[in-house]
Amino acid sequence: MTDELKPWSVTASRITYEDRWIRVRSDDCVTADGTVIAPFHVLDYPDWINVIPVMPDGRVLLTREYRHGRGEIVLGLVAGGVERSDSNTGDTALAAAQRELREETGYEASTFVKLLTSYPNAASHSNAVTSWLALGLSKAGEPRFDPGEKIELLFTDLAAILADLQSGAVIMQSMHVAALFTAESWLRTQASEGLK
């Protein structure tokens, strides 16, 4: 790697839209070579999490819900944003994962394994997403959906869903796909080491 790449300078910044879901920051920028890029819109989302719950029999718990951006019912993972209430603990991403698992599925997990942290879209989003594996699941109650949220739960074999993703039979959010493949690798490694 070289030191030729430099961050852009921001000469002005303003919030051009904000609500409870998103904040749009519009920056006037100058690149290292002097090119002016104005405005450049940044989507300031809170950090996100997703969770792969693994049942005692090895099946994974997936969600199905309507996703308005695509206008489709989409298969995915337990997921959500880190909320202010999650900051009452040391690890806000872990607290969000625990909360979302309970809210969306009614399950709790005795163990959470941090799989990876990635950027949803570093070009225009300011947030990160942390993916978790949830082990030692037990039913703790009924799901508590947010207003407007309706989720179906699907228990499936991890190898089968990965094959469906690779063949194109199933299309998911890319961060969920990355988490599923990372989970498969982690679980395979644990099994080969006799730690599963």
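**Cores and strands in a predicted model**

Biologist: Which residues have the most contacts inside the largest nonpolar core?
Modeller: The model is a predicted one. Its largest nonpolar core has 20 residues. Those with the most contacts inside this core are Ile 52, Leu 62, Leu 133, Met 172 and Leu 180.

Biologist: Which helices each supply at least two residues of this core?
Modeller: Strands and helices both contribute to this core. Strand 5, strand 8 (107-118) and strand 9 (129-139) each supply at least two residues. The helices that do so are helix 2 (158-167) and helix 3 (174-192).

Biologist: With which residues is Leu 180 in contact, leaving aside its neighbours within four places in sequence?
Modeller: Leu 180 is among the residues with the most contacts inside the largest core. Its contacts include Ile 52, Leu 62 and Met 172. The others in the list are Leu 77, Leu 158, Leu 162 and Leu 165.

Biologist: How many residues has the other core, which lies apart from the largest one?
Modeller: Among the residues of this other core are Ile 49, Leu 61, Phe 112 and Ala 134. Its number of residues is 15.

Biologist: Is Asn 50 buried or exposed?
Modeller: Asn 50 has its place in strand 4 (residues 48-53). A residue counts as buried under 20% relative accessible area. The relative accessible area of Asn 50 is 0%, so this residue is buried.

Biologist: Which side chain does a polar contact of 2.9 Å join to that of Asn 50?
Modeller: Beyond its neighbours within four places in sequence, Asn 50 is in contact with residues including Thr 130, Ser 131, Trp 132 and His 176. The polar contact of 2.9 Å joins its side chain to that of Ser 131.

Biologist: Which strands stand at the edges of the open sheet of order 6-5-10?
Modeller: This open sheet has 3 strands with antiparallel pairing. Two of them each have a single partner strand, so one side of each is left without a neighbour in the sheet. The strands at the edges are strand 6 (72-76) and strand 10 (152-156).

Biologist: What is the bridge partner of Glu 65 in strand 6?
Modeller: Strand 5 (residues 60-67) and strand 6 run antiparallel and are joined by 5 bridges. In strand 6, the partner of Glu 65 is Val 74.

Biologist: How many residues lie between strand 1 and strand 2 in their hairpin?
Modeller: Strand 1 (residues 9-18) and strand 2 (residues 23-30) run antiparallel, joined by 8 bridges. Tyr 17 stands opposite Val 24 in strand 2. The number of residues between the two strands of the hairpin is 4.

Notes: Residues are numbered from 1 along each chain as its sequence is written. This is a predicted model: local features need pLDDT of at least 70, side-chain atom pairs count only at pLDDT 80 or more; totals for chains, interfaces and linings use all residues. Side-chain values use heavy atoms; hydrogens and water are left out. Two strands pair if DSSP finds at least two bridges between them. Buried means under 20% relative accessible area, exposed over 50%, partly exposed in between (1.4 Å probe, protein chains only). A polar contact is a pair of N or O atoms within 3.5 Å; within protein, one must be able to donate a hydrogen and the other to accept it, and residues adjacent in sequence count only if both atoms are side-chain atoms. Contact means heavy atoms within 4.5 Å. A nonpolar core is a set of buried Ala, Val, Leu, Ile, Met, Phe, Trp, Tyr and Cys residues joined through side-chain atoms within 4.5 Å.
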